[in-house]
Amino acid sequence: MRDANSGSVQLLKVDPELARGLDVPRAREAAERLYTRAIDVPRGRWTPQPWLTGGSQPIGQLVLEGLLVREATVSNHPCAELLGPGDLLRAGNDNEGEELLPRTIEWAAATSARVAIVDQALAVRMAQWPEIFAALMDRAARRAERLVVTQAIAHLTRVDDRLLALLWLLAERWGRVVPGGVLVSLRLPHRTLAGMVGARRPSVTTALGQLMARGAIERRSDGAWILRGAAPSEERLESAPVPFAQQRVGIPG
């Protein structure tokens, strides 16, 4: 793994969306005062912990550019999460919590990436502009919602349904309309897709072939995906399962 390069950046210049709740004078003042370290992460496996040391006590990291993959493995079953610009994460070891369930957490950069360090010194300066804190909280909430939706997708019975639903979920963030469909310019290995939908890699390869054969998706020569037609409805995926409470007490559906 190559070393990452770091340098100082003005937070609102590299992520201007954080200032959307501020008027122009306050946004200009905040931009001049909110600076922090930024780290360039080369593509490949990544160990965040060394870059969380030194200087003020770190709180988290904000993705500025590129794609990161977090993979959690329990009993040889990996689960993957894809993170991109705007996502707030905490990648360091949490020494305060006792881990009772054995698991491993690994990080990788799917592309070259850049992250900004959010530390206590930055948080103190940022306190003058609570709108920025609100924007960060909103991003954390959206990330949690995406995780729940991805978990729901992994509960679909058919692997091809899971992949189709996942690709349309990714299109909400990374897609753009092109002639003939929606282009999702993400080059993700089958291992990562398998971790995101709760399937084995060979099953994902087979399911992708099925989706392409029936014209639901198309793989471009550059590795990007084109989604054909409309996003799948509930009826197109599966019938809704009977709620657990109804199963237990016999409540009519």
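**Group meeting: a buried arginine, two cores and some salt bridges**

I'll start with R125, which is buried yet has no salt bridge; D119, the nearest side chain of opposite charge, is 5.2 Å away. Before going on, note that this is a predicted model.

So where is this arginine? R125 sits in helix α3, residues 120-126. Leaving aside residues up to four places away in sequence, R125 touches R33, L34 and Y35.

Take L34 from that group. L34 is in the loop between α2 (24-33) and β2. At 0% relative accessibility, L34 counts as buried. Its contacts, again without residues up to four places away in sequence, are V9, Q10, L11, L12, L122, R125, M126, W129 and I132. For L11 there is also a backbone distance: the C-alpha atoms of L34 and L11 are separated by 5.7 Å, with the two positions 23 residues apart along the chain counted as their separation.

Next, T36, which is in strand β2. Is T36 buried or exposed? With a relative accessibility of 6%, T36 counts as buried. The T36 side chain reaches the backbone oxygen of I117 at 2.4 Å. Beyond four places in sequence, T36 touches G7, S8, V9, A116, I117 and L122. L122 and V9 also appear among the contacts of L34.

Staying in β2, we come to the charged pairs. How many salt bridges does the structure hold? There are 17. One of them joins D40 to R114, with the closest N and O atoms 3.1 Å apart. D40 lies in strand β2 (residues 35-41) and R114 in strand β9 (residues 113-119), so this pair ties together parts that are 74 residues apart in sequence. D40 counts as partly exposed because its relative accessibility is 33%, and the partly exposed class runs from 20% to 50%.

A second pair is R146 with D87, whose side chains meet in a salt bridge at 2.6 Å, N to O. This pair links distant parts of the chain: R146 is in helix α4 (residues 130-153), D87 is in the loop between β6 and β7 (88-89), and they are 59 residues apart. The two partners fall into separate accessibility classes: R146 is partly exposed, with a relative accessible area of 27%, whereas D87 is buried, with a relative accessible area of 3%.

A third pair is R228 with E218, where the closest N and O atoms are 2.1 Å apart. Here R228 is in the loop between β13 and α8 (234-237), E218 is in strand β12 (residues 217-219), and the two are ten residues apart. Both count as partly exposed, R228 at 27% relative accessibility and E218 at 33%. Elsewhere, salt bridges that share partners join E17, R20, D138 and R142 into one network.

Now the nonpolar side. In soluble globular proteins, nonpolar side chains tend to be buried together. Which residues touch the most other members of the largest nonpolar core? Of its 29 residues, they are L82, L163, L170, V204, I217 and L227. The elements that each supply at least two residues of this core are β6 (77-83), α5 (159-174), β11 (181-184), α6 (190-197), α7 (201-213) and β13 (225-227). The largest share, eight residues, comes from α5.

I217 can serve as an example. Not counting residues up to four places away in sequence, I217 touches L164, L167, L208, L211, M212, W225, I226 and L227. Apart from this core lies another, of 21 residues, among them L18, L22, L64 and A116. A116 came up earlier as a contact of T36.

Last, the hairpin. β6, which supplies residues to the largest core, pairs with strand β5 (residues 68-74) in the antiparallel sense, over seven bridges. Within that pairing, A72 stands opposite C79 in β6. Two residues lie between the strands of the hairpin, and S75 in the turn has a positive phi of about 50°.

To close, back to the opening residue: R125 is buried and without a salt bridge, in a structure that holds 17 of them.

How values were computed. Residues are numbered from 1 along each chain as its sequence is written. This is a predicted model: local features need pLDDT of at least 70, side-chain atom pairs count only at pLDDT 80 or more; totals for chains, interfaces and linings use all residues. Side-chain values use heavy atoms; hydrogens and water are left out. A nonpolar core is a set of buried Ala, Val, Leu, Ile, Met, Phe, Trp, Tyr and Cys residues joined through side-chain atoms within 4.5 Å. Buried means under 20% relative accessible area, exposed over 50%, partly exposed in between (1.4 Å probe, protein chains only). Helices (H or I, at least four residues) and strands (E, at least two) are DSSP runs, numbered from the N terminus. Contact means heavy atoms within 4.5 Å. Two strands pair if DSSP finds at least two bridges between them. A salt bridge is a side-chain nitrogen of Lys or Arg within 4 Å of a carboxyl oxygen of Asp or Glu. A polar contact is a pair of N or O atoms within 3.5 Å; within protein, one must be able to donate a hydrogen and the other to accept it, and residues adjacent in sequence count only if both atoms are side-chain atoms. Lys and Arg count as positive and Asp and Glu as negative; His and the chain ends are not counted.
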